[in-house]
Amino acid sequence: AWSGPTNLLDGGTPLLDARGDLDLRGDVLHMDGRRGAATWLSPSEIRNRGCAAHVTMADEEEGGDDALLLFDMDDADNGKFAGIADGGRRFVMGLIEGGTQRVLRAVKAPPPKRDNKERRREIKVEYYGGVAVGSLDGKPLAFLNLSDILGRGRFGVLTHGITSVQRVAALEEFEVYTVRFRTGPIVSLPAGRRRIWVELPPGSGALDCVRLRPSED
């Protein structure tokens, strides 16, 4: 866990950040943002195609409120966000400018699945060119049409309630420069019956089909 020049991890001892209480219990980071917004930022030095967080929010009676995935952050007060608000009832996306949140997209958030007893939610943001697509539990819900310079900043979690953070990670970006998928690559096979296995890499983008054509020779 990282915020500016300060390293927040110190074994299993409680962690105190100026923006809220952070407590490390085993492999889970518990964030209490009831008195002040608790922010956890991780440096993202590599190129990535997005970020994701697995979080569990407390019930509203216990202080559960918002859990936002921060992305493309300049610092803790400037960047972009996507996540669940109003006790999990809304999915929102927007900007943070000078510490002030500006919601640009807001839709009704689907409830957790019935077999999800722990009420763990996955918030994800993926970049497609100049568009950031936000999803909840694998379902795309909103997008922001931004510039082409995305995913180069820090990412993390912001909470205004009690949130357990199981995992925060960057999603790798796969860039392809040498293949024109509409015209190639071309592979010739000898006549006869063949079984072909095709594996598409994660994040392959427009590579969503393979065409097999008989030779005209």
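## Val 165 and its contacts

In this predicted model, let's start with Val 165. Setting aside neighbours within four places in sequence, Val 165 is in contact with a run of residues from the twenties, Asp 27, Val 28 and Leu 29, and also with Met 31. Trp 40, His 54, Val 55 and Val 157 complete its list of contacts.

## The nonpolar cores

Where does Val 165 fit in? It belongs to the largest nonpolar core, which has 30 residues. Val 165 is among the members that touch the most others, along with Met 31, Phe 71, Ile 84, Phe 91 and Met 93. Strand E7, covering residues 48–57, gives the most to this core: four residues.

There's another core lying apart from that one. It has 10 residues, including Leu 70, Ala 76, Val 92 and Ile 96.

## Ser 135, tucked into a strand

Now for a look at strand E13, which runs over residues 131–136 and holds Ser 135. Is Ser 135 buried or exposed? Its relative accessible area is 6%, and buried means under 20%, so Ser 135 counts as buried.

Beyond its neighbours within four places in sequence, Ser 135 is in contact with Phe 91, one of the well-connected core members named above. Its other contacts of this kind are Glu 122, Ile 123, Lys 124, Pro 140 and Leu 141.

## A nonpolar patch on the surface

Over on the surface, Leu 189, Ile 196, Val 198 and Leu 212 form a nonpolar patch. Together they have about 400 Å² of accessible area.

Leu 212 sits in the segment after strand E16 (162–172). Its relative accessibility is 66%, so Leu 212 counts as exposed.

How values were computed
Residues are numbered from 1 along each chain as its sequence is written. This is a predicted model: local features need pLDDT of at least 70, side-chain atom pairs count only at pLDDT 80 or more; totals for chains, interfaces and linings use all residues. Side-chain values use heavy atoms; hydrogens and water are left out. Patches are made of residues with over 30% relative accessible area and no salt bridge: like charges are joined within 9 Å, nonpolar side chains (Val, Leu, Ile, Met, Phe, Trp, Tyr) within 5 Å. Accessible areas come from the Shrake-Rupley method with a 1.4 Å probe; for residues, only the protein chains shown count as cover. A salt bridge is a side-chain nitrogen of Lys or Arg within 4 Å of a carboxyl oxygen of Asp or Glu. Helices (H or I, at least four residues) and strands (E, at least two) are DSSP runs, numbered from the N terminus. Buried means under 20% relative accessible area, exposed over 50%, partly exposed in between (1.4 Å probe, protein chains only). Contact means heavy atoms within 4.5 Å. A nonpolar core is a set of buried Ala, Val, Leu, Ile, Met, Phe, Trp, Tyr and Cys residues joined through side-chain atoms within 4.5 Å.
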